[in-house]
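User: I would like to learn how to read a few features of a structural model, going from single residues to a pair of packed helices. Could you take me through them one at a time?

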Amino acid sequence: INANLATSPPQIRANVEALGFKFTDIRILLNSQAHYDHAAGTDEIKRLTHAKVEVMQGDVPLMESGARKDFYFYNQPEFFFTPVKVDHVLHDGERVTLGGSTLTAHLTAGHTPGTTTWTIPITEAGHTYNVLIFGGATALEPSNLIDNPRYPTQAADLTHTFQTLHGLPCDIFLGAHGDYFGLKKKYPLLKPDEPGQPNPFIDATGYRAYVDDRDQFFHKELAKQTAARKK
């Protein structure tokens, strides 16, 4: 999930191989949002592994244009990336299964029209956990939520996104950016060699607090713009 920057494929390959796998074991490339920092390495990894690229419907034009059809970055070439052909178009609630693992794609649009949050149930030591990989829910152009001609449904999409996020089960909170879930703070606390130590990434409370904060921020800005428009 996420091929990251154009410079990221060598690092991703090294990490995959360090875990004892072949780089060509990658069969499916998924994404969370079709921006350069998540998608620019996709074409290269697809070329090297022949994996299928599967992307939520709203982000297909962004992926296949290399951000040239992005509502926000369309006129900023420094954020363009190599276009990549999407092999399968995903839709809200669709499941992706491979090797006994099943991921569910949840449309959480607003940051991009096809921003995707992934959920994955995993079982360890007889206990099943709901893993949630948060895709993003920030308005890139917050000063014009109501009638942006390049993304006229942004406010409605974000409203629906927060309704979705509030309803998703989450035990293990992860995300497309480490700062969403406090990666740098939590990672040093992880002690896999010490049995009985709590796992800091099991953080349902942190997930709820983060979604509540982003939801309140969005609706406060939307209310402000709506009031200004009525004057």
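Analyst: What follows takes helix packing, then two acidic residues, then a strand residue, in a model that is predicted.

User: How should a pair of packed helices be read, and at roughly what angle do the axes of α5 and α8 cross?

Analyst: Two packed helices are described by the angle between their axes and by the distance between those axes. Here the axes of helix α5 (residues 154-167) and helix α8 (residues 204-230) come within 10 Å and cross at roughly 155°. Because angles over 145 degrees count as roughly antiparallel, α5 and α8 are described as roughly antiparallel to each other. The crossing in which α5 passes α8 is left-handed.

User: Which residues of α5 and α8 meet?

Analyst: On the α5 side they are A155, L158, T159, F162, L165 and H166, and these meet Y207, R208, V211, D212, R214, D215, F218, H219 and L222 of α8. By residue class, the contact of α5 with α8 divides into eight nonpolar, three polar and four charged residues.

User: Turning to single residues, where is D203 placed, and is D203 buried or exposed?

Analyst: Location and accessibility are best read together. D203 is in the loop between α7 (183-186) and α8, and because buried means under 20% relative accessible area, its value of 19% makes D203 buried. The side chain of D203 reaches the backbone nitrogen of G206 at 2.8 Å, and, with neighbours within four places in sequence left aside, D203 is in contact with D171, F173 and K186.

User: D171 is on that list, so to speak; where is D171 found, and what does its side chain reach?

Analyst: D171 is found in the loop between α5 and β8 (172-175), and with a relative accessible area of 23% D171 is partly exposed. Its side chain reaches the backbone nitrogen of N130 at 2.7 Å. Beyond its neighbours within four places in sequence, D171 is in contact with T128, Y129, N130, F201, I202, D203 and A204. Separation along the chain and in space can be read side by side: D171 and P121 are 50 residues apart in sequence and 9.5 Å apart in space, C-alpha to C-alpha.

User: What does V96 touch, and in which strand is V96 placed?

Analyst: V96 lies in strand β4 (residues 95-98) and, at 5% relative accessibility, counts as buried. Not counting residues up to four places away in sequence, V96 touches I28, L30, E54, L90, S101, T102, L103 and W118. From V96 to F23 the separation is 73 residues in sequence and 20 Å in space, C-alpha to C-alpha.

Technical notes. Residues are numbered from 1 along each chain as its sequence is written. This is a predicted model: local features need pLDDT of at least 70, side-chain atom pairs count only at pLDDT 80 or more; totals for chains, interfaces and linings use all residues. Side-chain values use heavy atoms; hydrogens and water are left out. Helices (H or I, at least four residues) and strands (E, at least two) are DSSP runs, numbered from the N terminus. Buried means under 20% relative accessible area, exposed over 50%, partly exposed in between (1.4 Å probe, protein chains only). Contact means heavy atoms within 4.5 Å. Axes are lines fitted to C-alpha atoms, for helices over the stretch in contact, and angles run from 0 to 180 degrees between N-to-C directions. Angles under 35 degrees count as roughly parallel, over 145 as roughly antiparallel, 65 to 115 as roughly perpendicular and the rest as oblique. A crossing is left-handed if the near helix is turned anticlockwise from the far one by less than a right angle, and right-handed if clockwise. Ala, Val, Leu, Ile, Met, Phe, Trp, Tyr, Cys and Pro count as nonpolar, Asp, Glu, Lys and Arg as charged, and the others, Gly among them, as polar. A polar contact is a pair of N or O atoms within 3.5 Å; within protein, one must be able to donate a hydrogen and the other to accept it, and residues adjacent in sequence count only if both atoms are side-chain atoms.
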